[in-house]
Amino acid sequence: ASRSRTTCSIGDWSSDWCSAGRVLAFGVQQGWITWSRLIAWSVFLVIGLTTFYVALRSGLSERFADPALTIAQTLLGVIGVEWAYLICGPVRGVALYPLLLIFSFGAFSLTWRQIMWLTLFALVSLIGTVAVLHGSRHGIHPWALNDRDTRAALTNGCVVTMPRPGLCTRA
């Protein structure tokens with residue numbers, strides 16, 4: 001029963017990622033994203049999700065302390081979200097919403113310390129992602145609050161931090 005529940009959650013997660021892919025495909029039609037970036041992102045996620053599916057269904061994951069591979073799945077999700085953030089162009093803020101689902105997925109099966117470290121990883125890597133975006137658009141120029149992209153990045157960072165403390169206290 002445990003394996004079938006975990007497989008169901010992987011199925012739900014795959015469905016969520018497919019929905020995100022459809023939204024990104026719409027972004028391709030609008031000219032915000034290129035097909036090559038969408039395909040690379042999709043292949044990465046398909047390989048990751050397939051690896052988890054095989055490990056869970058075959059019983060290979062049962063050797064680990066966390067047979068559901070919750071931390072690894074969360075890390076894959078965070079990387080997938082931040083990669084989408086990199087490629088989404090002017091609508092990149094939308095790419096951050098799956099973080100809420102990703103952290104909710106593990107909120108009740110991880111300890112508060114594990115969630116804290118995963119949250120720290122997500123925030124630090126988001127800062128790195130924003131820095132890469134800023135550098136690719138502006139070069140090494142100072143961050144100015146009168147720059148629309150800088151303000152959007154700060155707003156997105158603030159939105160991402162809002163639900164995290166509550167998740168840590170629930171775990």
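How much space lies in the largest pocket? I looked that up before anything else, and the answer is about 330 Å³.

**Ground rules.** I'm working on a predicted model, where local features need pLDDT of at least 70, side-chain atom pairs count only at pLDDT 80 or more, and totals for chains, interfaces and linings use all residues. Residues are numbered from 1 along each chain as its sequence is written, and side-chain values use heavy atoms, with hydrogens and water left out.

**Pocket.** I took a pocket as an open set of points on a 1 Å grid over the protein atoms alone, with protein on both sides within 12 Å along at least five of seven lines; lining residues have an atom within 4 Å of a point. Volume here is the space filled by probe spheres set on the points, which are joined across faces, edges and corners. I found 21 residues lining the largest pocket, with Ala 20, Val 23, Val 94, Ala 95 and Pro 98 nearest its centre. Helix 1 gives the most to this lining, nine residues, and helix 4 also supplies at least two. My helices are DSSP runs (H or I, at least four residues), numbered from the N terminus. By class I get 18 nonpolar, two polar and one charged residues in the pocket lining. For the classes, Ala, Val, Leu, Ile, Met, Phe, Trp, Tyr, Cys and Pro are nonpolar, Asp, Glu, Lys and Arg charged, and the others, Gly among them, polar.

**Cavity.** A cavity is a set of grid points where a 1.4 Å probe fits but cannot get out. I see one of 30 Å³ or more, and its volume is about 50 Å³. Its lining includes Tyr 85, Arg 92, His 134, Arg 137 and Asp 149. Helix 5 (112-138) and helix 6 (148-161) are the elements that give two or more residues to it. The class split for this lining is five nonpolar, two polar and three charged.

Two of the lining residues made me look again. The charged end of Arg 92 sits over the ring of Tyr 85, 6.0 Å from its centre. The rule wants NZ of Lys or CZ of Arg within 6 Å of the ring centre and within 35 degrees of the ring normal.

**Core.** Tyr 85 turns up again in the largest nonpolar core: of its 32 residues, Trp 17, Leu 24, Ile 33, Trp 41, Tyr 85, Leu 99 and Phe 103 touch the most other members. Helix 1 (2-30), helix 2 (35-58), helix 3 (70-87), helix 4 (98-106) and helix 5 each supply at least two core residues. A core here means buried Ala, Val, Leu, Ile, Met, Phe, Trp, Tyr and Cys joined through side-chain atoms within 4.5 Å. Buried is under 20% relative accessible area, exposed over 50%, partly exposed in between (1.4 Å probe, protein chains only).

**Aromatic pairs.** I count two. Rings of Phe, Tyr and Trp (its six-membered ring) pair if their centres lie within 6.5 Å; planes under 30 degrees apart are stacked, over 60 edge-to-face, the rest tilted. Phe 26 and Trp 32 have centres 6.2 Å apart and planes at 75°, so I log them as edge-to-face. Phe 26 is partly exposed at 42%, and so is Trp 32 at 34%. Phe 44 and Trp 83 are tilted, 5.2 Å centre to centre with 50° between the planes. That pair links distant parts of the chain, Phe 44 in helix 2 and Trp 83 in helix 3, 39 residues apart.

**Cysteine.** Cys 18 lies in helix 1 and is partly exposed at 46%.
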